[in-house]
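Open the model in your viewer and keep the selection panel at hand. The tour goes from one chain, to a pair of helices, to the pair of chains.

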2 protein chains.
Amino acid sequence: MNYTYQYARAALTVDCVIFGFDGERMQLLFIKRALAPFQGTWALPGGFVHVNESVDDAALRELQEETGLKDVFLEQLYTFGQLGRDPRERVVSVAYFALVNRFSHTPLAATDAADAQWFPMQALPTLAFDHAHIVDVALARLRGKLRYEPIGFELLPKKFRLSQLQSLYEAVLGQTLDKRNFRKKVLGYDLLIPLEETQRDGAHRPAQLFRFDTKRYQQLKKKGFSFEL
Amino acid sequence: MNYTYQYARAALTVDCVIFGFDGERMQLLFIKRALAPFQGTWALPGGFVHVNESVDDAALRELQEETGLKDVFLEQLYTFGQLGRDPRERVVSVAYFALVNRFSHTPLAATDAADAQWFPMQALPTLAFDHAHIVDVALARLRGKLRYEPIGFELLPKKFRLSQLQSLYEAVLGQTLDKRNFRKKVLGYDLLIPLEETQRDGAHRPAQLFRFDTKRYQQLKKKGFSFEL
């Protein structure tokens with residue numbers, strides 16, 4: 001069956017920029033394209049939006065189909081609507097970004113594992129289409145959001161050391177932060193709950209573990225509180 | 001001529017949320033729909049994206065065609081891709097928001113004037129489609145951006161009094177700000193250039209005029225400076 005319209009229509013796709021953190025470095029998840037164009041090239045997971053699903057649902061579906069990831073933090077990033085993005089025809093893509101806790105998610109679906117891979121942010125492969133540009137936009141957004149919203153906790157294990165949180169911020173922002181200032185600031189918000197447990201941090205003495213107080217953050221946010229790191 | 005595709009395709013539109021400031025209140029510009037659906041109802045200016053123009057260009061074109069506005073601050077807001085947004089068929093809309101300096105732009109094209117009108121934010125009309133929701137999203141974005149980027153100056157005359165700047169912040173944020181703290185903070189960034197001229201502020205004594213130092217802001221921004229009010 002074919003679908004006919006009076007005016008030419010763009011195809012609509014979704015693309016997902018997926019950030020992970022391995023404790024030291026920021027990483028991005030790409031899939032290897034099985035078909036032309038850009039066959040064999042790494043690309044953002046994504047695909048065509050079905051006419052009977054919302055664009056958000058399309059992003060969730062494609063993410064799961066191509067990488068096995070579900071129940072992750074997923075947010076709309078930007079819509080890329082320039083001409084010539086796709087050599088085949090006019091394609092407009094709604095991009096999303098996902099933050100994946102690599103400590104609690106199996107990274108890849110077994111069936112697709114051969115075609116999906118994490119890359120450290122400092123060594124990204126050549127990407128299909130305008131996906132390198134989309135990654136740049138996502139990274140700028142992540143840097144901005146991390147300063148004003150506590151989304152970084154999505155990337156950490158539920159229980160974490162302050163040194164892990166600092167490493168995450170340093171990896172995303174690309175700069176070294178003063179340890180004492182960082183701790184003072186982050187503890188000053190009273191949003192981290194110290195746990196009974198400790199954890200060995202390499203060869204160092206056991207370090208205190210914390211978890212993020214989501215409930216308190218939601219309450220403060222309602223009152224107009226703004227987080228800033 | 002008709003266009004045929006193997007799969008059904010959504011129609012793609014743009015919608016523009018246009019903010020203005022009259023010195024006291026935030027205002028929004030709507031057009032009255034000439035055709036069904038929602039004939040005679042107020043709506044955001046917008047329309048279908050042509051297959052041979054970028055989505056950004058479609059927003060600029062529709063804005064000018066329907067309201068006469070051009071050369072305004074226009075930024076992509078969000079893409080609304082839920083099912084059932086339009087009673088006719090599947091329509092995905094890329095929304096933009098524009099900040100209009102009402103002191104230097106003629107508000108409306110003569111030809112369309114009867115069908116376009118500014119409304120104060122506190123007294124918006126019933127809107128077509130999901131446009132009330134789009135306005136809510138735009139307002140939240142404006143509130144957030146105003147705190148961290150000096151975009152408020154787009155809404156003011158080139159030369160302004162500090163009381164005008166404060167009124168703008170109060171109108172957008174919906175709260176009264178302490179005059180002394182506001183002035184201290186805003187002048188502390190050294191981003192306002194005091195002018196020789198003064199201006200009468202109603203019955204009060206002549207008030208100093210300022211202009212925003214765009215050049216210095218761009219330089220500071222490159223160095224990683226972040227503005228916050």
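Select chain A and colour it by burial: of its 229 residues, 51% are buried. This is a predicted model, and each stop below should be read with that in mind.

**Chain A as a whole**

Switch to a cartoon view of chain A, where you can count five helices and 10 strands. Turn the chain along its principal axes; its C-alpha trace spans about 65 × 40 × 30 Å. Now display contacts in chain A between residues at least 6 apart in sequence: 67% of these join residues at least 24 apart.

**Confidence**

Colour chain A by pLDDT. The mean over the chain is 90, and 95% of the residues reach 70 or more. Which elements of chain A have the lowest and the highest mean pLDDT? Select residues 192-200 of chain A, strand β9, for the lowest, at 86. Then select residues 11-21 of chain A, strand β2, for the highest, at 97.

Next, select residues 109-113 of chain A, where pLDDT stays under 50. For this stretch the model has five contacts beyond four places in sequence. Where pLDDT is low, the predicted coordinates should not be read in detail. For the model, the scores are ipTM 0.90 and pTM 0.91.

**Two helices in chain B**

Move to chain B and select residues 162-173, helix α3, together with residues 179-188, helix α4. At what angle do the axes of these helices cross? The crossing is at roughly 105°, and the axes come within 11 Å. An angle from 65 to 115 degrees counts as roughly perpendicular, so that is how α3(B) and α4(B) lie to each other.

Show the side chains where the helices meet. On the α3(B) side, select Leu162(B), Ser163(B), Leu165(B), Gln166(B) and Tyr169(B). On the α4(B) side, select Lys179(B), Phe182(B), Arg183(B), Val186(B) and Leu187(B). Coloured by type, the residues of this contact divide into six nonpolar, two polar and two charged.

**The two chains together**

Finally, show chains A and B at once. Two copies of a chain are related by a rotation about an axis and a shift along it. Here a rotation of 180° with 0.0 Å of shift along the axis places chain B on chain A, with an RMSD of 0.0 Å. That is the relation of a two-fold axis. The same surface serves both copies, since 100% of the contact residues of chain B recur in chain A.

Which residue of chain B comes closest to the rotation axis? Select Thr4(B), whose C-alpha lies 2.1 Å from the axis.

How values were computed:
Residues numbered from 1 in each chain as written. Chains lettered and ligands numbered in written order. Predicted model: local features only at pLDDT ≥ 70, side-chain atom pairs only at ≥ 80, totals over all residues. Heavy atoms only, no water. Least-squares fit on C-alpha atoms with pLDDT ≥ 70 in both. Contact = heavy atoms within 4.5 Å. pLDDT = per-residue confidence, 0-100. Helix = DSSP H or I, 4+ residues; strand = E, 2+ residues; numbered from the N terminus. Axes fitted to C-alpha atoms, helices over the stretch in contact; angles between N-to-C directions. Parallel < 35°, antiparallel > 145°, perpendicular 65-115°, else oblique. Nonpolar A, V, L, I, M, F, W, Y, C, P; charged D, E, K, R; others polar. Buried < 20%, exposed > 50% of the residue type's maximum accessible area, 1.4 Å probe, protein only.
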